[in-house]
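Dear colleague,

Here is the structure I said I would pass on. My notes on it follow below.

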Amino acid sequence: MKILHTADWHLGKRLDRFSRLEEQILVMDEIVQIADEQNVDIVLVAGDLFDNFNPSVEAIELFYKTLKRLSQNGKRPVIAISGNHDSPYLIDAPDPLARECGIILIGHPKAKVTPFELEDFEISNSVEGMIELKLKNHDFPIRIVHTAFANEIRLKEYFGENKEEALNQVLAENWATIADEFCDENGVNILLTHLYMNKRGAPILEEPDGEKPIKIGNADLIYSDTIPPQIQYTALGHLHAFRNIGTEEKPVVYSSSPLCYSFSEAGQTKYVSIIEAHPNQEVSYEKIALKNGKALVRKNFDQVEKAIEWLSENQNTLVELTLESETYLKAEERKVINNTHHGIVHLIPKVKNQEFNQKQLHDINLNQDIQSLFKDYFKSKNNAQEPYEDLLNLFNEILNA
C-alpha cells in the first residue's frame, strides 16, 4: 500500500505584505501530480491546513479543490486533520459533503468518523480516534489512529483527564488502548497527528518563526516513546522542515511545509513523504522534493551597487536584505533598490560602528546654532554617525515652516 504524507499547507498565509497564494496554487498542483504519478492509495494531511481560524475565500476554495483532485473524485481516500492554526469547527463543517468525494475531515481529537462506503473503498470500522479502511484493490485493511491538534484545554474536553496528568500519559494511554484492540498484524497501522513531538533526551527542535507556538516550556512537548509499538509509521505536522525523529524501522516523520514560510526556513528544500507499507513489516519511505515556490533568501552587502547587481539577477526570490555602510542609506538609494526588485520583504540598513571619543558628548557648545546642535544630538544618539542629508533637509523644513 502506498501512502502520501504531507502537512502544514498554511493556505492563505502571507509573508509580511506579500501574498503567497499564487505559489500555493502551483505547489498544490505539484502535490496532486506527485500523488498521481506515484499512484498512491491514500493521502494523509497532518494539520495546519489553513494559516488562521478565518481563512480567505480564495484559501478555502484552493483547499477544497486540492482535496477533490487528490481524492480523484472519490476513488482515493484523503484524510486531513486540523492543526493548531485551524478552527476545528471549520474543518468539520463540510464533512458530510466531503465524504461523498472520499475525503475525511477530522477537526477534533478523539473524533469518531461516520462510516461510509464508496465504490473503491469503505470505512470498515470507526471508533473515537481511529478509522479502519478497506480498499478494493488490497486484501488487507489500513488502520489510522488519528489525533487532531490537542492542546491542554481540548484534551481535558475530549479525553477527560485529570489536571495532574501530563499530556504524554493521556495520549499514551489513549493510543495504546486503541492499538491493542484494533491494530493487529493483519493490517497496516499508521498514526496521524499534529503535535509538537520529539525524541526523549534529544535537543529541542525549534518551532519556525511566525508559527503559533505549541510548546510552552515542556508542558506540551510529546515524546515519541508514547507511540504504541503496533504503529509502523507516524505522520506528523507542525514543524516545517523534513525530519524523522523516530528510527528507520519505525519512522516518526515531519513531512515539512510545502513552501518556505519564514526567513528562518531560507534555503530549505520542501518535501512530501511517500510510504510503502505492508502488514507486519517495516515500512519504507521516500522523500520527494517540491520544486514550486519562490526561494526565501537572506543577503548581506556592504555596497549598494553590489546589492543592486545581485537583485537584478535574482528576481524570482523573496529577500531579506541587509546593507551595511559607513553612512545611512539615502532616499534615492532606497528607491533604486526597491525599483530593482519587487520581492524585498525587509530592507535593513546597518551603519558600521566607528570609534568615538565620549568626551565629545560632554563638550557640546550650547551657544552654537540649532542645526549644529541637532547634528551633535544625533551623533550622541547614533554612535557618532553624522545625520544623513535627507534628515537634515527635513529638519530644516521644520525650522522654516
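A salt bridge here is a side-chain nitrogen of Lys or Arg within 4 Å of a carboxyl oxygen of Asp or Glu. The model is a predicted one, and by the salt-bridge rule it holds 14 such contacts.

One of them joins arginine 143 and glutamate 132, whose side chains meet with an N to O distance of 3.0 Å. Arginine 143 belongs to strand 9 (residues 142-147) and glutamate 132 to strand 8, so this salt bridge ties together parts of the chain that are 11 residues apart in sequence. Arginine 143 and glutamate 132 are both buried. The pair does not stand alone: Glu132, Arg143 and Asp184 are linked in a network of salt bridges.

Another salt bridge is formed by lysine 270 and glutamate 265, with 2.8 Å between the closest N and O atoms. Here too, both lysine 270 and glutamate 265 are buried.

The salt bridge of glutamate 128 with lysine 110 has its closest N and O atoms 3.7 Å apart. It links distant parts of the chain, 18 residues apart: glutamate 128 is in the loop between strand 7 (121-127) and strand 8 (130-135), and lysine 110 is in the loop between strand 6 (103-106) and strand 7. Are these two residues buried, exposed or in between? Glutamate 128 has 42% relative accessibility and therefore counts as partly exposed. Lysine 110 is also partly exposed, because its relative accessibility is 22% and the cut-off for buried is under 20%.

Now to strand 13.

Strand 13 covers residues 233-237 and is mostly covered, with five of its five residues buried. Tyr233, Ala235 and Gly237 point one way from the strand, while Thr234 and Leu236 point the other way. Residues on either side of strand 13 are buried.

Which strands pair with strand 13? Strand 10 (residues 188-194) runs parallel to strand 13 and is joined to it by five bridges. Within that pairing, threonine 234 of strand 13 is the bridge partner of leucine 191. Strand 15 (residues 252-254) also pairs with strand 13 in the parallel sense, over three bridges. There, alanine 235 stands opposite valine 253 of strand 15.

When you open the model, two places to look at are the network of Glu132, Arg143 and Asp184 and the buried residues of strand 13.

Regards

Conventions: Residues are numbered from 1 along each chain as its sequence is written. This is a predicted model: local features need pLDDT of at least 70, side-chain atom pairs count only at pLDDT 80 or more; totals for chains, interfaces and linings use all residues. Side-chain values use heavy atoms; hydrogens and water are left out. Buried means under 20% relative accessible area, exposed over 50%, partly exposed in between (1.4 Å probe, protein chains only). Helices (H or I, at least four residues) and strands (E, at least two) are DSSP runs, numbered from the N terminus. Two strands pair if DSSP finds at least two bridges between them.
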